[in-house]
Amino acid sequence: MMLKERSTVVDMQIRLAVISNAGGSGKTTLSVHLAYELGQQGFKVALMDLDPQGSLTLFCGLTPPEPEQTLAAVLKDNFDGKWPLMPCWSSHTDNVVICQGGMVLTQTADELVLHKRGAYLLGDCLSDYPLEHNLIILDCPATLGPLPLMALAASTHIVVPVQLEPKSVQGAARLLEWYYYHCRHLRLKPEPEILGFVPSQYDRKRAVHRQLNESLPLELEQMGIRAFGAIRNSTEFANASGQGLPLHLHRPCHPALDDFKEITSYLVGIIQNSKP
Ligand SMILES: Nc1ncnc2c1ncn2[C@@H]1O[C@H](COP(=O)(O)OP(=O)(O)OP(=O)(O)O)[C@@H](O)[C@H]1O
Ligand SMILES: [Mg+2]
């Protein structure tokens, strides 16, 4: 498939932290599919794996990196500005790269707690050694520890994938408390904007999914928070990631691909209309 290359230079870089306090809510799946979609539209995208599990490595079909080739190296005091970025799905796109994560980030998380600029380190690196990508996607681990905190402080926007299960929806309320508390506590100015919630793994045959898919957007609306249309449940997502591919490349005509269109075009709108 031929790639599109954008001729226009856009003004603002979106740094999108994909955050949720629930494991398996679809953070890495959303990260990968947004990256591929935006890449297909000609935008330059950098994925960053802040998760010690390093799932993005698997989802991008790459081999586990040496510690010096991960985000952990970027966050060292002696970082010299050479971002360790690997091309993703390079036979299909030139527009997506990844800064890999992995187990070494557990040590990074411990060091962040002691570092005087701990929560601000990634933001500092992005200011000192800017990347030219239109979109940087920060795929976070599920525990709301030092790594997601650092992602929050580095981000311009956050997006929250949530499973349509009562426990997950209740957990999302705690995530919002975490967000509001830390935006204030870290004195983030401007505060990263909540792009919205993305219901994931929606199975319309399940009554609880249908109920929550109706009620969640209304509850969020009362807080001025957008809910994007749900990403449907399909086993093909796991099959695709097992092959190291986005669903687009694994099953190019799969109907679930339509579910990313709303959030993709919303992001494109922000990138194209924003001024620095
Ligand atoms: N829409 C979907 N339909 C069916 N399965 C899905 C869907 N989205 C994600 N999955 C599967 O659910 C599992 C968890 O997804 P994913 O790894 O994206 O979640 P996560 O929030 O990143 O998890 P973690 O908290 O472990 O980082 C994976 O096996 C993935 O393939
Ligand atoms: Mg993940």
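In this predicted model, strand β2 (residues 45-49) and strand β5 (residues 135-139) run parallel and are joined by five bridges. One pair to pick out here is methionine 48, whose bridge partner in β5 is leucine 138. Both strands belong to an open sheet of seven strands, laid out in the order β3-β4-β2-β5-β1-β6-β7, with mixed pairing. At the edges sit β3 (86-87) and β7 (193-200), each of which pairs on one side only. As a reminder, strands of a sheet pair through backbone hydrogen bonds, either parallel or antiparallel.

Moving along the sheet, β1 and β6 are held in the parallel sense by three bridges, and leucine 16 stands opposite histidine 157 of β6. On its other side, β6 pairs with β7, again in the parallel sense, over seven bridges; proline 161 is found there opposite valine 198 of β7. Strand β6 (residues 157-163) is mostly covered, with six of its seven residues buried. A helix also packs against this part of the fold: α11 (residues 261-273) lies across β1 (14-18), β5 and β7, and runs at about 145 degrees to β1.

Next comes the ligand site. The shell around ligand 1 counts 19 residues, of which Lys27, Thr28, Thr29, Ala142 and Ala238 come nearest. Two helices, α1 (27-40) and α9 (235-242), each supply at least two residues of that shell. In terms of chemistry, the shell splits into 13 polar residues, four nonpolar and two charged.

A few backbone oddities are worth a look. Most residues other than glycine have a negative phi, and most peptide bonds are trans. Tryptophan 89, though not a glycine, has a positive phi of about 45 degrees. This tryptophan 89 is located in the loop between β3 and β4 (96-99), and it counts as buried because it has 22 C-beta neighbours inside 10 Å, against a cut-off of 20 or more. Arginine 187 also has a positive phi, of about 55 degrees, without being a glycine. Its setting is the loop between α7 and β7, where arginine 187 is exposed because 9 other C-beta atoms lie within 10 Å. The loop between α7 (166-185) and β7 also holds proline 190, which is joined to lysine 189 by a cis peptide bond with omega of about 0 degrees.

Leucine 105 gives a view of the packing around helix α4 (residues 104-114), in which it lies. With 25 C-beta neighbours inside 10 Å, leucine 105 counts as buried. Setting aside neighbours within four places in sequence, leucine 105 is in contact with Leu50, Pro52, Leu71, Ala72 and Leu147. Glutamine 163, by contrast, is 58 residues away from leucine 105 in sequence and 26 Å away in space, C-alpha to C-alpha.

As for confidence, the protein averages a pLDDT of 95, and 95% of the residues score at least 70. Residues 6-10 are another matter: pLDDT stays under 50 over this stretch, for which the model has five contacts beyond four places in sequence.

How values were computed. Residues are numbered from 1 along each chain as its sequence is written. Chains are lettered from A and ligands numbered from 1 in the order in which they are written. This is a predicted model: local features need pLDDT of at least 70, side-chain atom pairs count only at pLDDT 80 or more; totals for chains, interfaces and linings use all residues. Two strands pair if DSSP finds at least two bridges between them. Helices (H or I, at least four residues) and strands (E, at least two) are DSSP runs, numbered from the N terminus. Two residues are in contact if their C-beta atoms, placed from the backbone, lie within 7 Å. Axes are lines fitted to C-alpha atoms, for helices over the stretch in contact, and angles run from 0 to 180 degrees between N-to-C directions. A residue is near a molecule or strand if its C-beta atom, placed from the backbone, lies within 6 Å of it. Ala, Val, Leu, Ile, Met, Phe, Trp, Tyr, Cys and Pro count as nonpolar, Asp, Glu, Lys and Arg as charged, and the others, Gly among them, as polar. pLDDT is the predictor's confidence in each residue, from 0 to 100. A residue is buried if 20 or more other C-beta atoms lie within 10 Å of its own, exposed if 12 or fewer, and partly exposed in between; C-beta atoms are placed from the backbone.
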